[in-house]
Amino acid sequence: MLLNYDSSYFMKKAIEEAKIGLDKGEVPVGAIIVIDNKIIARSHNLTESLCDVTAHAEILAITSASNFLGSKFLHECTMYVTLEPCSMCFGALYWSQISRVVYSAEDKKNGVNALRSKIHPKTKIEGGVLAGQTEIMLKEFFKNKRT
């Protein structure tokens, strides 16, 4: 059986990571990093577990991918993340020189587009992949937090 390694396939893997975080009481954000259709890093938010505001899924995935590759640069890599990265995460993505970022749900308050964060000129961005699924998960999480 041939697998179709497209953006939806890899976003589903990022959603699996988000669900792991959700089970830990974290904001359900998951990220994976792929090179040549191979997942080299996976993570989910751990800000609550680690008491660390920088423990976003994207930051943890960047560290893991850099360790895997033995390089601080993530050329030819794609990050799939369930929520549009914030300016802190996009700053790290900028410095990693990642080739592509694909996100699912838009973050209208803190996302890179809302804050007009600087994007590395060689980084391509795509948004909205499986957004319906991730938006529901995020809305339910915050609805449950408020009640």
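A residue is called buried here when its relative accessible area is under 20%. The legends below describe close-up views of a predicted model.

**View 1. Strand β3 and its enclosure.** Strand β3 comprises residues 78-83. Six of the six residues of β3 are buried, so the strand is largely enclosed by the rest of the structure. Four bridges join β3 to β1, and these two strands run antiparallel. Five bridges join β3 to β4, and this pair runs parallel.

**View 2. Residue pairs across β1, β3 and β4.** M79 of β3 stands opposite I33 of β1, and M79 also stands opposite V101 in β4. V81 of β3 likewise faces two strands: A31 of β1 stands opposite V81, and V81 stands opposite Y103 in β4.

**View 3. The β3-α4-β4 unit.** Helix α4 spans residues 87-96. Together with β3 and β4, helix α4 makes a β-α-β unit that is right-handed. The strands of this unit, β3 and β4, run parallel.

**View 4. Strand β4 and its pairing with β5.** Strand β4 covers residues 100-105; because five of these six residues are buried, β4 is largely enclosed by the rest of the structure. Strand β5, residues 124-126, is joined to β4 by three bridges, and the two strands run parallel. Within this pairing, V102 of β4 stands opposite E126 in β5.

**View 5. Strand β1 and the two directions of its residues.** Strand β1 consists of residues 30-35. It is mostly covered, with six of its six residues buried. G30, I32 and V34 point one way from β1, whereas A31, I33 and I35 point the other way. The residues of both sets are buried.

**View 6. The β1-β2 hairpin.** Strand β2 comprises residues 38-44 and is joined to β1 by six bridges, with the two strands running antiparallel. I35 of β1 stands opposite K38 in β2. The two strands form a hairpin with two residues between them. In the turn, D36 has a positive phi of about 50°.

**View 7. Packing of helix α1 against helix α6.** Helix α1 contains residues 7-23 and helix α6 residues 131-146. The axes of the two helices come within 11 Å and cross at roughly 10°. That crossing angle makes α1 roughly parallel to α6, because angles under 35 degrees count as roughly parallel. On the α1 side, the residues that meet α6 are I15, A18, K19 and L22; on the α6 side, they are Q133, T134, M137 and F141. By class, this contact of α1 with α6 has five nonpolar, two polar and one charged residues.

**View 8. The surroundings of P28.** P28 is found in the loop between α1 and β1. With a relative accessibility of 1%, P28 counts as buried, because this value is under the 20% cut-off. Leaving aside neighbours within four places in sequence, P28 is in contact with A18, L22, T82, M137, L138 and F141. Of these partners, A18 and L22 in α1 also take part in the contact of α1 with α6, as do M137 and F141 in α6. P28 and F141 are 113 residues apart along the chain, and their C-alpha atoms are separated by 7.5 Å.

Definitions and conventions. Residues are numbered from 1 along each chain as its sequence is written. This is a predicted model: local features need pLDDT of at least 70, side-chain atom pairs count only at pLDDT 80 or more; totals for chains, interfaces and linings use all residues. Side-chain values use heavy atoms; hydrogens and water are left out. Buried means under 20% relative accessible area, exposed over 50%, partly exposed in between (1.4 Å probe, protein chains only). Two strands pair if DSSP finds at least two bridges between them. A crossover is right-handed if, with the strands pointing away from the viewer, the path from the first strand over the helix to the second runs clockwise. Axes are lines fitted to C-alpha atoms, for helices over the stretch in contact, and angles run from 0 to 180 degrees between N-to-C directions. Angles under 35 degrees count as roughly parallel, over 145 as roughly antiparallel, 65 to 115 as roughly perpendicular and the rest as oblique. Contact means heavy atoms within 4.5 Å. Ala, Val, Leu, Ile, Met, Phe, Trp, Tyr, Cys and Pro count as nonpolar, Asp, Glu, Lys and Arg as charged, and the others, Gly among them, as polar.
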